[in-house]
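Here are a few notes to read alongside the structure, written as numbered points. Keep the 3D view open and find each residue as it comes up.

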Amino acid sequence: MHIFITGGSSGIGRALAELYLSRGHEVGICGGTREQFESLNFRHERLAFFEWDGRDREQGRKVVSDFARGSLDLLVAAAGINNGRPREEVAVIDFDRSSDIFDINLKGVLNAFEAALTVMKPQGHGHLAALGSASGLVGFPSSAAYCASKA
């Protein structure tokens with residue numbers, strides 16, 4: 001199978017990439033810059049890394065198409081960010097960071113799905129998956145944008 005994972009260089013996305021690689025699948029991932037990826041020491045003969053800012057629709061279509069080369073079985077949208085600060089440090093809403101959270105956690109999923117569908121529709125099959133969070137079910141006062149983006 002050909003599987004592409006956004007956010008595949010860390011966290012749950014990386015764990016999924018490692019699992020699929022161990023089962024013999026071709027895996028493409030994005031998550032951070034190439035320089036950041038190189039520092040992770042995450043190498044495999046069936047693993048391909050792509051730089052893609054999930055907010056960029058055109059870049060997403062190109063990256064997924066370049067990886068798929070006409071065949072994509074599964075796209076997992078695992079990329080996501082939160083406010084990146086301990087709850088104690090969040091005194092007021094950081095509107096710039098909140099905007100980034102929505103752009104990546106919500107628009108990034110839409111852009112990834114759109115990119116995947118440009119390959120999957122012509123081939124007549126494929127699966128889309130998006131990672132959620134319990135935070136989408138329970139609102140936390142210090143993580144309002146993250147919770148809303150996951151809901």
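1. Let's start with the largest pocket of this predicted model, which has a volume of about 550 Å³. Its lining is made of 28 residues, and those closest to the centre of the pocket are G7, A78, A79, G80 and I81. If you colour these five residues first, you will know where to look.

2. Which elements give two or more residues to the lining of the largest pocket? They are α1 (11-22), α4 (95-123) and α5 (144-150). Sorted by class, the lining has 14 polar residues, 11 nonpolar residues and three charged ones.

3. Next, look at the largest nonpolar core, which has 18 residues. Which of its members touch the most other members? They are F4, W52, V64, L72 and L75. Two or more residues of this core come from each of α3, β4 (74-77) and α4. The largest share belongs to α4, with seven residues. As background, nonpolar side chains in soluble globular proteins tend to be buried together.

4. Helix α4 is worth a second visit, as it appears in the pocket lining and in the core. Two of its residues show how burial can vary along a helix: F102 is in α4, and so is V109. Is V109 buried or exposed? V109 has a relative accessibility of 16%, and because buried means under 20%, V109 counts as buried. F102, at 33%, falls between the 20% and 50% limits and is therefore partly exposed.

5. Distances along the chain and in space are good to compare here. F102 and A148 are 46 residues apart along the chain, and their C-alpha atoms are separated by 8.4 Å. V109 and S98 are 11 residues apart along the chain, with 16 Å between their C-alpha atoms. A further pair to try is Q36 and S9, 27 residues apart along the chain, with C-alpha atoms separated by 9.1 Å. Q36 lies in helix α2 and is partly exposed, with a relative accessible area of 46%.

6. Now for the aromatic rings: the structure holds six aromatic pairs. One of them is F4 with W52, whose ring centres are 6.4 Å apart and whose planes meet at 50 degrees, so the pair is tilted. The label follows because an angle under 30 degrees would count as stacked and one over 60 as edge-to-face. F4 belongs to strand β1 (residues 2-6), while W52 sits in the loop between β3 (47-50) and α3 (57-68), so this pair ties together parts that are 48 residues apart in sequence. F4 and W52 are both buried. Together with F50 and F67, they form one aromatic cluster.

7. A ring can also have a charge over it. What sits over the ring of F42? It is the charged end of R14, 4.1 Å from the centre of the ring.

8. Finally, please check two backbone angles. Most residues other than glycine have a negative phi. Neither N41 nor R69 is a glycine, yet phi is positive in both: about 55 degrees for N41 and about 50 degrees for R69. Where are they found? N41 is in the loop between α2 (34-38) and β3, and R69 is in the loop between α3 and β4. With a relative accessibility of 62%, N41 counts as exposed, and R69 is exposed too, at 63%.

Note on methods: Residues numbered from 1 in each chain as written. Predicted model: local features only at pLDDT ≥ 70, side-chain atom pairs only at ≥ 80, totals over all residues. Heavy atoms only, no water. Phe/Tyr/Trp six-rings, centres within 6.5 Å; stacked < 30°, edge-to-face > 60°. Helix = DSSP H or I, 4+ residues; strand = E, 2+ residues; numbered from the N terminus. Buried < 20%, exposed > 50% of the residue type's maximum accessible area, 1.4 Å probe, protein only. Lys NZ or Arg CZ within 6 Å of the ring centre and 35° of its normal. 1 Å grid on protein atoms, 1.4 Å probe; cavity = no way out; pocket = protein on both sides within 12 Å on 5 of 7 lines; lining within 4 Å. Points joined across faces, edges and corners; volume = space filled by probe spheres on them. Nonpolar A, V, L, I, M, F, W, Y, C, P; charged D, E, K, R; others polar. Core = buried A, V, L, I, M, F, W, Y, C linked by side-chain atoms within 4.5 Å.
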